[in-house]
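Student: I'd like to learn how to read the inside of a protein model. Could you walk me through one?

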Amino acid sequence: MPGHDGEPDTGDPGEVVYESASIRPYAVTGGRTRTSGELIPIEALVSVLGKPSTALSTEKTRIVELATAQYLSVAELSAHMHLPVGVVRVLVGDLVEEGHARVHGAVASSYNPATTLSVLESVLDGISAL
Amino acid sequence: MAYPRSDLAAPAPLAQAAPTTVKIVVAGGFAVGKTTLIGSISDIDPLRTEASLTEHSVGVDDAGERTRKTETTVAMDFGRIALPGNLWLYLFGTPGQDRFLFMWDDLVRGAIGAVVLVDTDRLEQCFPAVDYFEARQIPFVVAVNCFDGVAKHQLDDVREALAVPAHVPMMYTDARSKVATKQTLVLLVQHAMKRLAG
């Protein structure tokens, strides 16, 4: 696993140690496996809306740090934080509800054949030109 | 896994509008070359993420019947390609094992389609993927990975062995080659467009 992206690795009792595969990952979501809203696609991009004024949990703070300077997908956040996709979805869902982050719709969320066809044309042209 | 390139390459400044994201799924058996294929064309080093699955099973022990809960972690590698028009294409390599098929539903929702990567020495490993995409009418192509550039089998023979329907495009590929990967993705997108246009 890439371990060079400087994620916090605290050894304090009760803290999440990202490297450990034996932890119960949903402890950081209070046991919730999903938020009340729609399921966030794994490729949906997350951006942060300014610096939160309130204190956030270690994991949410990390998401805010990662997604401040660039758009990152739920999948990328999950990889960089060494947390399962499902956990990141819940945390991102919370950040959106709390007004700290925004999720940018993937094509999947606004399915329309005409739109999709024009996106596919762009994808085809783009790949062909690589 | 040690990857030399930075995994936070090519940040998109937030002043820019959010890219439109699309995804393609790369499916196939264990060690068939999914991550190699993704890495051959991705802008970022393939990243690994984990989906944690909780399995409930009822077992009987000395204390009588009780529910056991075990947690299984499934690793998934993925990459990203920035395309003109502010588009980001994600490539997700899916765990190939039968018992994890259910987690594909979530992954393939909204995908352009799938590449089923085949190793002709272990054909049986890609049966679940072919069945899955066929049953859900998700556009897919079958790409036979030629290790060392040698095609050991005729595509028609592979098609017959895998019972791949005639409408599904098939081709040889080389997961290590960017050019071959590009051709494979082009074939898939063209196929998906044909399907969409009816």
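Tutor: Gladly! Let's begin with a term: a nonpolar core is a set of buried Ala, Val, Leu, Ile, Met, Phe, Trp, Tyr and Cys residues joined through C-beta atoms within 7 Å. Keep in mind that this model is predicted.

Student: Which residues have the most contacts inside the largest nonpolar core?

Tutor: That core has 78 residues, and those with the most contacts inside it are Val74(A), Val92(A), Ile24(B), Val26(B), Ala114(B), Val115(B) and Val116(B). The most is given to this core by H3(A), with 7 residues.

Student: What is Ala114(B) in contact with, leaving aside its neighbours within four places in sequence?

Tutor: Its partners are Ile24(B), Val25(B), Ala27(B), Val108(B), Phe133(B), Ile138(B) and Phe140(B).

Student: Back to the helix. How many residues of H3(A) are buried?

Tutor: A general idea helps here: an α-helix has 3.6 residues a turn, so residues three or four places apart point the same way. In this case H3(A) is mostly covered, with 11 of its 13 residues buried. Among them are Val88(A), Arg89(A), Val92(A) and Asp94(A).

Student: How far apart are the end C-alpha atoms of H3 in chain A?

Tutor: They are 18 Å apart, which agrees with the 18 Å that 13 residues should span at 1.5 Å a residue. After H3(A) comes Gly99(A), with a positive phi near 80°.

Student: Where does that helix sit in the order of elements in chain A?

Tutor: From the N terminus, chain A runs β-α-β-α-α-β-α, which comes to 4 helices and 3 strands. Of its 130 residues, 38% count as buried.

Terms used. Residues numbered from 1 in each chain as written. Chains lettered and ligands numbered in written order. Predicted model: local features only at pLDDT ≥ 70, side-chain atom pairs only at ≥ 80, totals over all residues. Helix = DSSP H or I, 4+ residues; strand = E, 2+ residues; numbered from the N terminus. Expected span 1.5 Å × (residues − 1). Buried ≥ 20, exposed ≤ 12 C-beta atoms within 10 Å, placed from the backbone. Contact = placed C-beta atoms within 7 Å.
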